[in-house]
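Here are some exercises to work through with the structure open beside you. Try each task yourself before reading the solution.

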Amino acid sequence: MACWQDILAIPSKKQDRPAVRHLTVDQARLLLARPDRSTRQSRRHATLLATLYDTWARVQELADLVVRGIRLQHPAMASLTGKGRKTRHVPLDGGTVTLLAAYLERRPCRPRVWRSEARRSRATSSAPTRPPPCCAVS
């Protein structure tokens, strides 16, 4: 009997992981409504949050998003390149399309949606360094 108690007293290596907690619908609405949208930066943040929420993109996928990878006409979609350079096409909601259209209309002409070419990471080092002649969104 003592042998069994000694065995049971040995701590297990694996610990139970807590379940992943997700936002409720109300919490997501509050989060998306949080930026005041009165400044250029806050409009950018609102658009970034909405796009992130709508596409379920990883941060790096969103950081690497290029203007030519966004389609605002019906059916609206974004082309995201993720791990292993795999590309996936995700649909965009009407509210996200409106925010993206307004954001892209007012931003400087650059191939990257969210950042300038000077801030490229290792994952985007093979991207072209010259901006396209026009930044028209298809």
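**Exercise 1. Two sides of a helix**

In this predicted model, find which residues of α5 are exposed and which are buried.

*Solution.*
Step 1. Begin with the exposed residues: Thr98, Glu105 and Arg106 of α5 have a relative accessible area over 50%.
Step 2. Next come the buried residues of α5, which are Thr96, Val97, Leu100, Tyr103 and Leu104.
Step 3. These buried residues cover an arc of only 135° around the axis, so they sit on the same side of α5. Thr98, Glu105 and Arg106 are on the other side.
Step 4. Now look at what covers the buried residues of α5: the cover includes α3 (40–55) and β1 (70–71).

**Exercise 2. The length and the start of α5**

Work out what span the 13 residues of helix α5 should have, and compare it with the distance between the end C-alpha atoms.

*Solution.*
Step 1. Helix α5 takes in residues 94–106.
Step 2. The expected span is 1.5 Å times one less than the number of residues, so α5 should span 18 Å.
Step 3. In the model, the end C-alpha atoms of α5 are 19 Å apart, which agrees.
Step 4. While you are here, look at the start of α5, where a side-chain oxygen of Asp93 comes to within 3.3 Å of the backbone nitrogen of Gly95.

**Exercise 3. Building the sheet**

Find the order of the three strands in the open sheet, and name the edge strands.

*Solution.*
Step 1. Take β1 and β2: they pair in the antiparallel sense over two bridges. Ile70 stands opposite Ala78 in β2, and the hairpin of β1 and β2 has five residues between them.
Step 2. Move on to β2 and β3 (residues 87–91), which are antiparallel too and pair over five bridges. Here Leu80 has Arg88 in β3 as its bridge partner.
Step 3. In the hairpin of β2 and β3, which has five residues between the strands, Gly84 takes a positive phi near 70°.
Step 4. Put together, the order is β1-β2-β3 in an open sheet with antiparallel pairing. The edge strands are β1 and β3, as each pairs on one side only.

**Exercise 4. The faces of β2**

Which residues of strand β2 are on the covered face, and which on the uncovered one?

*Solution.*
Step 1. Recall that side chains in a regular strand alternate between the two faces of the sheet.
Step 2. Walk along β2 (residues 77–81): Ala78 and Leu80 make up the covered face, while Met77, Ser79 and Thr81 make up the uncovered one.

**Exercise 5. Following the charges**

Locate the three salt bridges of the structure, and find which residues are linked in a network.

*Solution.*
Step 1. Start in helix α2 (residues 25–33), where Asp26 and Arg29 lie three residues apart, about one turn of the helix. Their salt bridge has its closest N and O atoms 3.9 Å apart, and both residues are exposed.
Step 2. Go on to Arg58 and Glu61, whose side chains meet in a salt bridge at 3.5 Å, N to O. Arg58 is partly exposed at 44% relative accessible area, whereas Glu61 is buried at 3%.
Step 3. Glu61 also forms a salt bridge with Arg88, with the closest N and O atoms 2.8 Å apart. This pair links distant parts of the chain: Arg88 belongs to strand β3 and Glu61 to helix α4 (residues 59–63), 27 residues apart.
Step 4. The network of salt bridges therefore links Arg58, Glu61 and Arg88.

Conventions. Residues are numbered from 1 along each chain as its sequence is written. This is a predicted model: local features need pLDDT of at least 70, side-chain atom pairs count only at pLDDT 80 or more; totals for chains, interfaces and linings use all residues. Side-chain values use heavy atoms; hydrogens and water are left out. Helices (H or I, at least four residues) and strands (E, at least two) are DSSP runs, numbered from the N terminus. Buried means under 20% relative accessible area, exposed over 50%, partly exposed in between (1.4 Å probe, protein chains only). The arc is that of the directions from the helix axis to the C-beta atoms. Contact means heavy atoms within 4.5 Å. A polar contact is a pair of N or O atoms within 3.5 Å; within protein, one must be able to donate a hydrogen and the other to accept it, and residues adjacent in sequence count only if both atoms are side-chain atoms. Two strands pair if DSSP finds at least two bridges between them. A salt bridge is a side-chain nitrogen of Lys or Arg within 4 Å of a carboxyl oxygen of Asp or Glu.
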